[in-house]
Structures are given as structure tokens and as C-alpha cells.
Amino acid sequence: MRRADATTLEYVTSNSQNTRHITLIDPAKQDPNTAANRAMVAVECGSSMIFVGGSTDTPDEVVHATCQAIQEAFELRTFAASQDPESDESQWQIPVVLFPGGAHALSPAADAITFMMLMNSNIRRFLVGEQIRGAPYLEKFGVEALPTGYLVCAPGGRVGEVGEAELIQPEDSDLVHAYALTARMFGFKILYLEAGSGADSQVHPRLIESARTVENLTLVVGGGIRTPEQAALAAQAGADWIVTGTLTEDAADLEELRQRISGIVSVL
Ligand code: 1GP
């Protein structure tokens with residue numbers, strides 16, 4: 001649930017001294033109740049946003065049930081915190097944001113959506129086609145669009161394959177800079193540098209540094225980040241936000257998840 005006094009875009013693009021952390025929850029990978037428990041642990045450990053999405057073929061109902069379960073859990077925690085003078089209810093005013101694989105994976109229970117153009121895709125569908133299908137739905141249900149340029153970097157993983165992305169290679173710093181400028185000139189507020197979920201290497205810091213030189217663009221970096229050292233590398237290179245997903249999915253239990261997310265957040 002988002003704060004009442006700011007849009008999600010204001011929250012995402014606001015200046016923060018530290019790099020902030022996003023926990024990505026793929027609705028295809030657990031039931032809604034487990035997703036809500038994981039999201040609560042993530043927020044307790046310092047995640048500042050929840051992304052819901054990832055897989056390419058998850059139906060609306062599953063995405064919606066997951067968003068609803070997380071929102072209800074956060075509302076209950078906000079209420080509980082409001083009754084306790086020791087607690088800070090704003091801790092639970094954390095946006096739940098769709099990170100869709102396409103126009104099928106939407107939910108009116110989300111606060112916002114990363115409304116993305118996969119900028120280095122060779123397929124029209126990922127440049128503008130899915131967006132045209134999704135836009136009327138988002139308008140109807142009042143889901144806030146976060147204008148995002150999405151750029152898949154090597155190794156790229158499944159999103160690189162499905163999206164037929166011309167992968168950005170570690171040495172392509174001029175190219176990533178040109179993409180970042182293009183994103184800003186299109187009016188995108190966010191640039192998401194993606195290495196692919198579960199990637200065996202993260203986005204090269206050189207690419208993050210190059211994108212960072214373009215002003216007025218909030219940088220989100222994800223894919224293949226599993227350790228505090230990797231998170232620190234991305235943060236030092238200039239990421240405003242770091243996304244982790246697989247880290248949450250393959251934690252054996254909530255205690256292990258707590259340790260993993262706390263470890264990442266502690267170095268940001
Ligand atoms: C995927 O960037 C995200 O879109 C997260 O990747 O699953 O590797 O953390 P991981």
C-alpha cells in the first residue's frame with residue numbers, strides 16, 4: 001500500500017541517500033499466502049518496494065490474488081502499528097508494483113506498474129504492443145503507470161530470449177549511455193538495467209556507471225544479484241534501486257530469507 005501523501009512515481013524517483021531495495025515476488029512461484037509472508041519479511045528487513053511479476057505466462061487471477069494478499073497483509077500491519085506507540089505505521093506504506101511480462105499479468109490491487117518499453121527488443125509486441133493492450137485496463141482501474149525504459153544486458157536470461165533483445169555487452173558503455181539519453185528524451189523517469197532473472201552474472205558496473213551520467217533518470221538494476229558484495233557493487237556504481245527475486249524464491253524458509261535480505265540491505 002502506498003503512502004497517501006505521494007504518488008508511487010514520486011516515491012520511486014525521490015532522492016534517497018542510500019540505494020534502496022526491491023523484493024521481486026513471482027506469483028507463479030508460490031501461493032498468495034506464502035507471497036504475503038515473504039513480502040512482510042522483506043519489509044521488516046528493509047525492502048522499500050515489492051514488485052509482483054516476472055514469469056511470462058502467469059494469468060491475471062494469480063497475479064491479482066498475490067497482489068491482494070500482500071496488500072491485505074500490509075494493511076493489517078499498518079493498522080497494528082497504528083495501535084502501538086512503539087511502532088511506525090509508515091514502515092508498512094510500501095508500494096506493491098506490477099512488474100509485468102505482458103498485458104495479461106495485471107491487477108487492480110496493485111498501486112502502480114512499471115510501464116515498460118523493452119528498448120532493445122526486436123519485437124514490436126515488447127516495444128509497444130503489450131502496452132497498447134494494457135493501457136486501457138490500467139486507465140480503467142486507476143493503476144499508476146511508472147514510465148520505464150527496460151534494457152536487457154548480457155547474459156540476459158529468459159527475458160533476453162523471449163524479448164529477442166540485442167543484449168548490451170559489458171563493453172557497450174557508449175551504447176548504454178545513448179539508450180539512457182533516449183529513455184530520458186522519451187520522457188521515461190526510470191531506466192531498468194536487467195541481466196535476467198537467475199543470471200550467473202550481474203549487470204556490469206561499467207554499464208551502471210555509464211547510465212548514471214544521464215541526469216533525471218532513476219536507475220533500477222536487477223538480475224543475478226545474490227550476495228551483499230554484488231549488491232554493494234551495483235550500489236557503488238550508481239544504482240538507485242536494486243532488485244532481487246531468485247534470492248527470495250530459493251530461501252529454504254522465512255528465517256533464511258530474513259538473513260539474506262538483511263545482508264543485502266545492510267550494505268546499501
Ligand atoms: C528479474 O531483475 C530481476 O527481472 C531479479 O533477478 O531473480 O536474478 O534476482 P533475480
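Reader: I'm starting with the strands here. How many bridges join strand β3 to β4?
Author: Keep in mind that this is a predicted model. Strand β3 takes in residues 96-99, and it runs parallel to β4. The number of bridges joining β3 to β4 is 2.

Reader: Which residue of β4 does L98 stand opposite?
Author: L98 falls within residues 96-99, the stretch of strand β3. β4 spans residues 112-118, and the residue there that stands opposite L98 is I113.

Reader: And on the β5 side, which residue stands opposite I113?
Author: β4 also runs parallel to strand β5, which covers residues 144-152, and 7 bridges join them. I113 has a place opposite one residue of β5, and that residue is A145.

Reader: How many of the residues in β4 are buried?
Author: Strand β4 has 7 residues and is mostly covered. Strand β5 is mostly covered too, with 7 of its 9 residues buried. For β4, the buried count is 6.

Reader: Which helix makes a β-α-β unit with β4 and β5?
Author: The two strands run parallel. Together with a helix they make a β-α-β unit, and that unit is right-handed. The helix in question, residues 124-141, is α4.

Reader: T148 in β5 caught my eye. Which residue of β6 does T148 stand opposite?
Author: On the β4 side, T148 is the bridge partner of M116. β5 and β6 pair in the parallel sense as well, over 5 bridges. Over in β6, the residue opposite T148 is I190.

Reader: Zooming out, how many strands are in the closed barrel?
Author: Follow the order β1-β2-β3-β4-β5-β6-β7-β8, with parallel pairing. From one strand to the next, the twist averages 30 degrees. The strand count of this closed barrel is 8.

Reader: At the start of that order, which residue in β2 stands opposite I22?
Author: Strand β1 holds residues 20-25 and strand β2 holds residues 49-53. These two run parallel, with 4 bridges joining them. Opposite I22, in β2, you'll find M49.

Reader: Now the rings. Is the aromatic pair of Y137 and F141 stacked or tilted?
Author: The structure holds 9 aromatic pairs, and Y137 with F141 is one of them. Their ring centres lie 4.7 Å apart, with 50 degrees between the planes. Planes under 30 degrees apart would count as stacked and over 60 as edge-to-face, so what's left for this pair is tilted.

Reader: How far apart along helix α4 are Y137 and F141?
Author: Y137 counts as partly exposed because its relative accessibility is 23%. F141 is partly exposed as well, at 37%. Both lie in helix α4, about one turn of the helix apart, and that spacing is 4 residues.

Reader: What about F186 and F188: is that pair stacked or tilted?
Author: F186 counts as exposed at 55% relative accessibility, whereas F188 is buried at 12%. Their ring centres are 5.6 Å apart and the planes sit at 20 degrees, so this pair is stacked.

Reader: Which ring does R20 lie over?
Author: R20 belongs to the stretch of residues 20-25, strand β1. From R20 to the centre of the ring it is 5.2 Å, and R20 lies over the ring's face. The ring is that of Y11.

Reader: Off to the helices, then. Is A180 buried or exposed?
Author: A180 is found in helix α6, residues 173-186. Leaving out residues up to four places away in sequence, it touches L191, A211, V214 and L217. Its relative accessibility is 0%, and buried means under 20%, so A180 is buried.

Reader: S173 is in that helix as well, so is S173 buried or exposed?
Author: S173 has its place in helix α6. Leaving out residues up to four places away in sequence, S173 touches R206, L207 and S210. Its relative accessibility is 19%, and the cut-off is under 20%, so S173 counts as buried.

Reader: Last one: which residues of helix α7 are buried?
Author: Helix α7 covers residues 205-212. What covers its buried residues includes α6, β6, β7 and α8. The buried residues themselves are P205, L207, I208, S210 and A211.

Key:
Residues numbered from 1 in each chain as written. Predicted model: local features only at pLDDT ≥ 70, side-chain atom pairs only at ≥ 80, totals over all residues. Heavy atoms only, no water. Buried < 20%, exposed > 50% of the residue type's maximum accessible area, 1.4 Å probe, protein only. Contact = heavy atoms within 4.5 Å. Pairing = 2+ DSSP bridges. Right-handed = clockwise from strand over helix to strand, strands pointing away. Phe/Tyr/Trp six-rings, centres within 6.5 Å; stacked < 30°, edge-to-face > 60°. Lys NZ or Arg CZ within 6 Å of the ring centre and 35° of its normal. Axes fitted to C-alpha atoms, helices over the stretch in contact; angles between N-to-C directions.
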